Each structure stands twice: as C-alpha cells, then as structure tokens.
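Work through the exercises below with the sequence and the coordinates at hand. Each task is followed by a stepwise solution.

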Amino acid sequence: MTAPGTTFAPEFVFVDEWQIAAEIAQVWPVLRRIEGWPGWWPSVRTVVPHPMQGSAPSWQFTFRTRLPYSLIWNAELVQEEPSARVEWQVSGQLTGRGICSVRAVDGGTLVGWDWVVRPQRIWMRLVAPIARPVFSWNHKELMDEGAAALAGLLALDCFGRR
C-alpha cells in the first residue's frame, strides 16, 4: 500500500558505509539499542519507542539536520537477522525503507546503511528537483557525524567510509 502523496514524491536512494575499528560484538549492540542513539549521535534529537502494534516494534525519530529543519519519521521493524541486519518500514515526513547491516572486515566492522525514501513534506517535494544535491549533502553530513560519533563512543578511531 502506498502512503498518501507518496506517488508524486521524488525518491532518494542513499547508500552509506562506516568502517569502524571494532568487532561486530561491540558495534551491533550500540546500533541495535535504537533508543540510545540520541546519547551518542548528536543529530538524533529523540527516539521514542511506540507501543507494540501487532508484533513489530516501532520508533519515532526526530533528526535535526545541517539545514534549518528537522525531520520526524517512524520506523517499524520489518525483519531482523541478529548481529547482522535490521530492516525498517519508514513513515511520516519520510516514507520508504531502511536497512542497517554489519559485517566483519579486515580491521573491524563495516556498517552499511541503505535508505530508499521519499520526502512527504510539501516544500521538500516541491524543491527536490533542484535541491537534490543539497539534500544529498545534508544526508552525507549526518551520516559522517554518526560514523565519527559511534567510533568516539567506542573510544576507537573511525578509519573512513568506502
């Protein structure tokens, strides 16, 4: 089922990778404790767990971006492979899907983030054709911040993104 307005919203595909100099056993619990993200990732202002609707846990996120706006969106857990991958269905000011995955690499853990989302705020939908590079830059800044913050939380060096 398509959310109202989704059909005419531009699609954004974001693929990010964080290389963290830590074992999956250190990285995964921090990523999976979603309610803890505001404690280490500065742009994540709030994460509020929703009461269980059916059997899938869900959360409401508020992200403050580098641009002068915040985004509020919900994520409902669709699938989880413990210590490997979670997939969410996204609704609210963004709609779509998100996946976070981890895998062992030389020197630590590769954290993968795959988002296919559509903005639902009217102004974002209207300016997206010309503002796509700015929205992409904004996303990259937030993700770079998250990589550095996770590495800092684990008291390790982040040795870049691929």
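A patch is made of residues with over 30% relative accessible area and no salt bridge, and nonpolar side chains are joined within 5 Å. The model used here is predicted.

**Exercise 1.** Identify the nonpolar surface patch that contains V116, and place V116 in the fold.

Solution.
1. V116 belongs to strand 7, which covers residues 108–119.
2. The relative accessibility of V116 is 36%, so V116 counts as partly exposed. This value passes the cut-off of over 30% for patch members.
3. The patch consists of V13, V15 and V116. Together these residues have about 250 Å² of accessible area.

**Exercise 2.** Describe the backbone and the surroundings of S83.

Solution.
1. S83 is not a glycine, yet its phi is positive, at about 60°.
2. The loop that holds S83 runs between strand 4 (70–81) and strand 5 (85–92).
3. Is S83 buried, exposed or partly exposed? Partly exposed counts as between 20% and 50% relative accessible area. With 43% relative accessibility, S83 therefore falls in the partly exposed class.

**Exercise 3.** Summarise the chain as a whole.

Solution.
1. Count the elements: the chain has two helices and seven strands.
2. Put them in sequence order: the pattern reads β-α-β-β-β-β-β-β-α.
3. Assess burial: 46% of the 162 residues count as buried.
4. Assess contact range: of the contacts between residues at least 6 apart in sequence, 54% join residues at least 24 apart.
5. Assess the surface: the accessible area of the chain is about 8,300 Å², and carbon and sulfur atoms account for 58% of this area.

Terms used
Residues numbered from 1 in each chain as written. Predicted model: local features only at pLDDT ≥ 70, side-chain atom pairs only at ≥ 80, totals over all residues. Heavy atoms only, no water. Helix = DSSP H or I, 4+ residues; strand = E, 2+ residues; numbered from the N terminus. Buried < 20%, exposed > 50% of the residue type's maximum accessible area, 1.4 Å probe, protein only. Contact = heavy atoms within 4.5 Å. Areas by Shrake-Rupley, 256 points an atom, 1.4 Å probe, with all protein chains shown as cover. Patch = residues over 30% accessible without salt bridge, like charges linked within 9 Å, V, L, I, M, F, W, Y side chains within 5 Å. Salt bridge = Lys/Arg side-chain N within 4 Å of Asp/Glu carboxyl O.
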